[in-house]
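Welcome! Here is a short set of exercises on the contacts between side chains, each followed by a worked solution. Keep the structure open as you go.

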Amino acid sequence: MNNIYVFVYGTLRKNESNHFLLKEATLIARQVWTNGRLFDTGLGYPAMKESMNDIVYGELYLVSEEQLLRLDELEDYRPNDRNSLYNRKKQVVFYDTGKIEAYLYFIAKHNENMLRIPISSGDWKLYLYEQQKQTILYFAYGSCMDDVRFKLRNKNHFFQNVKGCGILSGFTLRFTRRAHDGGRADIVEEGGIVEGKVYEINSACLDYLYQREGVRAGCYRPTFVDINLNGKIVEDVLTFTVVNKEAETAPSSEYLEEILRGGTGCVSEAYLTSLRERMKSTFGIEL
């Protein structure tokens with residue numbers, strides 16, 4: 001078997017309890033999705049059932065035959081054994097720069113009684129995260145680096161604890177969401193570097209961020225990234241990414257000013273200069 005791709009959505013994901021089984025595998029992408037419906041089993045791990053009407057988020061890996069066998073053992077899957085806990089099937093998965101067929105582990109139909117709580121977001125990490133009542137690190141890379149709109153909404157008190165400049169590797173800043181006055185910022189997993197402002201916030205702030213980012217309207221979705229913060233790697237930092245990415249649209253000058261104003265004094269001058277240059281070369285916008 002060559003080029004064995006596997007989509008993982010629960011405890012095999014990065015920084016989760018069984019990720020060690022993928023330590024030697026090749027990560028293709030962390031921002032990956034496919035059709036299916038996700039449930040909490042109540043046993044410390046999720047399970048996925050087939051559905052063409054829902055989305056499940058996870059990660060994509062290239063594995064060896066030996067690694068695949070170890071995953072089969074974890075998932076209690078045995079080919080042609082009707083008593084297996086899961087079935088392993090191929091299905092198309094999508095990521096920011098393409099799509100590919102990958103193996104997925106679906107709960108076997110005779111075990112669907114294990115499916116306890118539907119996870120509406122389709123994201124196991126987010127489901128766990130939203131149950132925590134604690135402080136949260138939030139990576140802002142767009143207009144949320146600026147505090148003007150925070151103040152207008154009387155939400156500025158949530159964003160007083162700035163931890164520094166976060167550096168996200170493997171992503172590029174794009175403007176993939178079309179709004180009435182131009183493109184909105186997004187992180188696209190296609191290589192590169194995105195710098196942003198890292199806030200420490202509390203969970204009470206999430207409702208405001210979800211409303212601002214249009215999470216319930218399907219505009220952006222919460223996700224998790226590993227960033228370099230003050231010279232140290234910090235895992236599973238909250239950020240937001242566009243759900244339905246479109247071709248880049250020129251952002252308005254006002255929106256860009258928010259990004260530049262918010263980033264000044266936090267992100268590097270080299271990063272801001274590069275952003276200005278790209279806006280000029282790509283969209284003819286001079287700032």
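**Exercise 1. Cysteines**

How far is the sulfur of Cys144 from the closest cysteine sulfur, and why is there no bond?

*Solution.* Before starting, keep in mind that this is a predicted model.

Step 1: Find the partner. The cysteine sulfur closest to that of Cys144 belongs to Cys205, at 8.7 Å.

Step 2: Compare with the cut-off. A disulfide needs sulfur atoms within 2.5 Å, so Cys205 is too far from Cys144 for a bond.

Step 3: Try another cysteine. For Cys165, the closest cysteine sulfur is in Cys266, 5.2 Å away, and that too is too far for a bond.

Step 4: Check the surroundings. Cys144 is buried, with a relative accessible area of 4%, and Cys165 is buried as well, at 17%.

Step 5: Conclude. The count of disulfides is 0.

**Exercise 2. Salt bridges**

Find Asp123 and work out which residue it forms a salt bridge with.

*Solution.* Step 1: Look for the partner. Asp123 pairs with Arg221, and their closest N and O atoms are 4.0 Å apart.

Step 2: Place the two in the chain. Asp123 sits in the loop between strand S8 (117-118) and helix H2 (124-129), while Arg221 belongs to strand S14 (residues 220-229). The pair links distant parts of the chain, 98 residues apart.

Step 3: Buried or exposed? Asp123 and Arg221 are both buried.

Step 4: Set two other pairs beside this one. Asp81 forms a salt bridge with Arg78, with 2.6 Å between the closest N and O atoms. Here Asp81 is partly exposed at a relative accessible area of 26%, and Arg78 is partly exposed at 34%. Asp147 and Lys151 form a salt bridge too, with closest N and O atoms 3.5 Å apart. Asp147 is partly exposed at 29%, as is Lys151 at 46%.

Step 5: Widen the view. Salt bridges with shared partners join residues into one network, whose members include Asp123, Arg221, Lys125 and Asp236. The structure has 24 salt bridges by count.

**Exercise 3. Aromatic rings**

Start from Phe159 and describe how its ring meets those of Phe150 and Tyr208.

*Solution.* Step 1: Count the pairs. The structure holds 16 aromatic pairs.

Step 2: Take Phe150 and Phe159. This pair is stacked, with 3.8 Å from centre to centre and 5° between the planes. Both residues, Phe150 and Phe159, are buried.

Step 3: Turn to Phe159 and Tyr208. These rings meet edge-to-face, 6.1 Å centre to centre with 65° between the planes. Phe159 lies in the loop between helix H3 (148-152) and strand S10 (162-169), and Tyr208 in helix H4 (residues 206-212), so the pair ties together parts 49 residues apart in sequence. Tyr208, like Phe159, is buried.

Step 4: Follow the ring pairs further. They link a cluster that includes Phe150, Phe159 and Tyr208, along with Tyr138 and Phe240.

**Exercise 4. Charges over rings**

Which ring does the charged end of Lys90 sit over, and which face does Arg184 lie over?

*Solution.* Step 1: Look at Lys90. Its charged end sits over the ring of Tyr103, 5.3 Å from the ring's centre.

Step 2: Look at Arg184. Arg184 lies over the face of Tyr255, at 4.7 Å from the ring centre.

Key
Residues are numbered from 1 along each chain as its sequence is written. This is a predicted model: local features need pLDDT of at least 70, side-chain atom pairs count only at pLDDT 80 or more; totals for chains, interfaces and linings use all residues. Side-chain values use heavy atoms; hydrogens and water are left out. A salt bridge is a side-chain nitrogen of Lys or Arg within 4 Å of a carboxyl oxygen of Asp or Glu. Buried means under 20% relative accessible area, exposed over 50%, partly exposed in between (1.4 Å probe, protein chains only). Helices (H or I, at least four residues) and strands (E, at least two) are DSSP runs, numbered from the N terminus. Rings of Phe, Tyr and Trp (its six-membered ring) pair if their centres lie within 6.5 Å; planes under 30 degrees apart count as stacked, over 60 as edge-to-face and the rest as tilted. A charge sits over a ring if NZ of Lys or CZ of Arg is within 6 Å of the ring centre and within 35 degrees of the ring normal.
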